[in-house]
Amino acid sequence: METFQFAVFCVAFYTFVVSSPIKEFYPKRDVATLKKYQMECVEDTKVDPDLVIRFKAGDWRSEQPSLKNWVLCILNKMGLMTMDGVYRLDEAMARVGTKDKDMAEKLIDQCLSTTALPAPDIAWKYVHCLHVNDPLGNYSSISILTP
Ligand SMILES: *[C@@H]1O[C@H](CO)[C@@H](O)[C@H](O)[C@H]1NC(C)=O
């Protein structure tokens, strides 16, 4: 019986810890929450839904203020950024896997503006920078886009 339990433990450990690629760390329920935030923020910011659809399809050309507000709104609902554009590193670290914390911190550092900008611009730059520097979505848990 004990051997069997140990075997089950090993399989579970392998399945959930060893074999999971980093980008699958993002739990499924969080994707649902993220989609909910995306929708709520369309209402909150009155952004043109067409802009959002194009943005989610990978079109970064529109730098409309309403789209930037939408991005900030989602980061705020995720607890990653205040509406004043202050980044919550503790929240971000709680979202990434333990072994990725150093890489995540470097990435965040690189993606946060060092000059004073309006909050929606800070949010936009951050999300765009993550998109460029993490094309595989290893750190999608600290971005606003579903993996
Ligand atoms: C994302 O993960 C892949 C595969 O593990 C790795 O090759 C790549 O360097 C990672 N990218 C970043 C930005 O961490």
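Two residues are in contact if their C-beta atoms, placed from the backbone, lie within 7 Å. The structure is a predicted model, in which local features need pLDDT of at least 70, side-chain atom pairs count only at pLDDT 80 or more, and totals for chains, interfaces and linings use all residues. Residues are numbered from 1 along each chain as its sequence is written.

**Exercise 1. Describe the elements of the protein chain and the confidence in them.**

Step 1. Helices (H or I, at least four residues) and strands (E, at least two) are DSSP runs, numbered from the N terminus. The protein chain has seven helices and zero strands.

Step 2. The predictor's confidence in each residue is its pLDDT, from 0 to 100. The protein chain has a mean pLDDT of 85, with 80% of its residues at 70 or more.

Step 3. Confidence is highest in α4, with a mean of 97, and lowest in helix α1 (residues 2-18), with a mean of 51. The pLDDT is below 50 over residues 13-25, a stretch that has 13 contacts in the model beyond near neighbours in sequence. Where pLDDT is low, the predicted coordinates should not be read in detail.

**Exercise 2. Determine whether the span of helix α4 agrees with its number of residues, and whether α4 is covered.**

Step 1. The expected span of a helix is 1.5 Å times one less than its number of residues. Helix α4 (residues 65-77) has 13 residues and should therefore span 18 Å; its end C-alpha atoms are 18 Å apart, which agrees.

Step 2. A residue is buried if 20 or more other C-beta atoms lie within 10 Å of its own, exposed if 12 or fewer, and partly exposed in between, with C-beta atoms placed from the backbone. In α4, 10 of the 13 residues are buried, including Trp70, Val71, Ile74 and Leu75.

Step 3. Just after α4, Gly79 has a positive phi of about 85 degrees.

**Exercise 3. Locate the largest nonpolar core and the contacts of Trp70.**

Step 1. A nonpolar core is a set of buried Ala, Val, Leu, Ile, Met, Phe, Trp, Tyr and Cys residues joined through C-beta atoms within 7 Å. The largest one has 30 residues, and Trp70, Val71, Ile74, Leu75 and Ala123 have the most contacts inside it.

Step 2. At least two residues of this core come from each of α3, α4, α6 (101-111) and α7 (119-133). Helix α4 supplies seven residues, the largest share.

Step 3. Apart from neighbours within four places in sequence, Trp70 is in contact with Cys41, Val42, Thr45, Val47 and Val52.

**Exercise 4. Classify the packing of α4 against α7.**

Step 1. Axes are lines fitted to C-alpha atoms, for helices over the stretch in contact, and angles run from 0 to 180 degrees between N-to-C directions. The axes of α4 and α7 are 8 Å apart, and the two helices pack at an angle of about 75 degrees.

Step 2. Angles under 35 degrees count as roughly parallel, over 145 as roughly antiparallel, 65 to 115 as roughly perpendicular and the rest as oblique. Helices α4 and α7 are therefore roughly perpendicular to each other.

Step 3. Among the residues that make the contact are Lys68 and Leu72 of α4, and Pro120 and Trp124 of α7.

**Exercise 5. Establish whether Lys46 and Glu63 are buried or exposed.**

Step 1. Lys46 lies in the loop between α2 (28-45) and α3. Lys46 counts as exposed because it has 11 C-beta neighbours inside 10 Å. Although not a glycine, Lys46 has a positive phi of about 60 degrees.

Step 2. Glu63 lies in the loop between α3 (49-56) and α4. Glu63 is exposed, since 10 other C-beta atoms are within 10 Å.
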